[in-house]
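Hi everyone, thanks for coming along. I'd like to walk you through one structure today, so please have a look at it with me.

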Amino acid sequence: MQRFEGKVAVVTGAGGGIGSAIAKRLASEGALVVVTDGNAEAAKAVTADIRAAGWQAETITANIAEKGECASLISDSFALHGRLDALVNNAGINRRGNLLSLSDEDWSISFAVNLDSMFHLCRAALPLMIEAGGGAIVNTASQWGLYPAPNHIAYNTTKAAVAAFTQNLARDYAPVKIRVNAVCPGEIHTPMLEAGVKRSGRTIADLDKLVPFGRIGKPEEVAALVAFLASDEAQFICGSLVEITGAQPVS
């Protein structure tokens, strides 16, 4: 399928496990993907992989915790081909702990990366999409933003805010044909998850047993859902929070 032929898509956090899978999926379907991440080397590696497959990608390194860099990211991406069709706000961090164990910095950086960046990126992208007659925004929330897991108060709170932000933005801009949705993944097999598993002393096999479907999710499965929501096939889906969990409950 070439659902994004001739379109430009920006993917934040594209150097990570889920983000790189999203970037590659959109590029495989014809999009020129702007691969952006705070880790320049990781972003360049993903761009190189996309180009090696014969697809289109450009790297723009940005620290999306900074308001000015968010605006520059959107304007530089638009300048590539004079259009911005899809924005995937995927970047996120997870500072673990309960309220008394978190530092002020843990709390503030969680909001800066997980939520404030969406505010600044969407505020820069919306006028371009409105002028073009529409667009798609897909945000990465979390199952934990809907059903909080213990000892992750900063992450859970920011992801709950992402869910609310998504539904508010959708309600406000649906009349101008801008669709805003969020994916809410459960446990997905990424480097971030592997690091957490090692710290806990558990294994991936232990996590697999907790999922009714029989295993945790794959980044490519989240990418497929994001691609669908960003595509014209999802034209009447707006303001949705779509869980992708293998029916795993939060415990």
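Which strands each supply at least two residues of the lining of the second largest pocket? They are β1 (8-11), β5 (135-140) and β6 (178-185). Before I go on, please keep in mind that this is a predicted model.

Let's stay with that pocket for a moment. Its volume is about 350 Å³. There are 19 lining residues, and those closest to the centre of this second largest pocket are G135, K177, R179, D232 and Q235. Sorted by class, the lining of the second largest pocket has 10 nonpolar, four polar and five charged residues.

Now for the largest pocket. Rolling a probe the size of a water molecule over the atoms shows where empty space is left. The largest pocket holds about 1,300 Å³ of space. Lining the largest pocket are 49 residues, and N94, Y155, T190, M192 and L193 are the closest to its centre. Four elements give two or more residues to this lining: α1 (17-28), α5 (143-146), α6 (153-173) and α7 (191-200). Helix α7 has the largest share of the lining of the largest pocket, with seven residues. As for chemistry, the lining of the largest pocket counts 21 nonpolar, 22 polar and six charged residues.

Let's turn to charge pairs. Side chains of opposite charge can pair when their charged atoms come close. In this model the count comes to 10 salt bridges, and I'll show you three of them.

One joins the side chains of R25 and E29, at 2.7 Å from N to O. Are these two residues buried or exposed? R25 is partly exposed, because its relative accessible area is 26%. E29, on the other hand, is buried, because its relative accessible area is 3%.

The next pair is R95 and D106, with the closest N and O atoms of their salt bridge 2.9 Å apart. R95 sits in the loop between β4 and α4, while D106 is in helix α4, so this pair ties together parts that are 11 residues apart in sequence. R95 counts as partly exposed, because its relative accessibility is 27%. D106 is buried, because its relative accessible area of 16% falls under the 20% cut-off.

Then there is R215 with E221, whose side chains meet in a salt bridge at 2.5 Å, N to O. Here R215 is partly exposed at 26% relative accessibility, and E221 is partly exposed too, with a relative accessible area of 29%.

Which residues do salt bridges with shared partners join into one network? The members are R3, R25, E29 and E233, so we meet R25 and E29 again here, the pair with the 2.7 Å salt bridge.

Last stop, the surface. L99, L100, W107 and I153 form a nonpolar patch there, and together they have about 430 Å² of accessible area. Take L100, one of its members. You'll find L100 in the loop between β4 (86-89) and α4 (104-132). Why does L100 count as exposed? Because its relative accessible area is 84%, and the cut-off for exposed is over 50%. That loop is also where R95 lies, the partner of D106.

That's my tour, so over to you for questions.

Methods:
Residues are numbered from 1 along each chain as its sequence is written. This is a predicted model: local features need pLDDT of at least 70, side-chain atom pairs count only at pLDDT 80 or more; totals for chains, interfaces and linings use all residues. Side-chain values use heavy atoms; hydrogens and water are left out. Patches are made of residues with over 30% relative accessible area and no salt bridge: like charges are joined within 9 Å, nonpolar side chains (Val, Leu, Ile, Met, Phe, Trp, Tyr) within 5 Å. Accessible areas come from the Shrake-Rupley method with a 1.4 Å probe; for residues, only the protein chains shown count as cover. A salt bridge is a side-chain nitrogen of Lys or Arg within 4 Å of a carboxyl oxygen of Asp or Glu. Buried means under 20% relative accessible area, exposed over 50%, partly exposed in between (1.4 Å probe, protein chains only). On a 1 Å grid over the protein atoms alone, a cavity is a set of points where a 1.4 Å probe fits but cannot get out, and a pocket is an open set with protein on both sides within 12 Å along at least five of seven lines; lining residues have an atom within 4 Å of a point. Grid points are joined across faces, edges and corners, and a volume is the space filled by probe spheres set on the points. Ala, Val, Leu, Ile, Met, Phe, Trp, Tyr, Cys and Pro count as nonpolar, Asp, Glu, Lys and Arg as charged, and the others, Gly among them, as polar.
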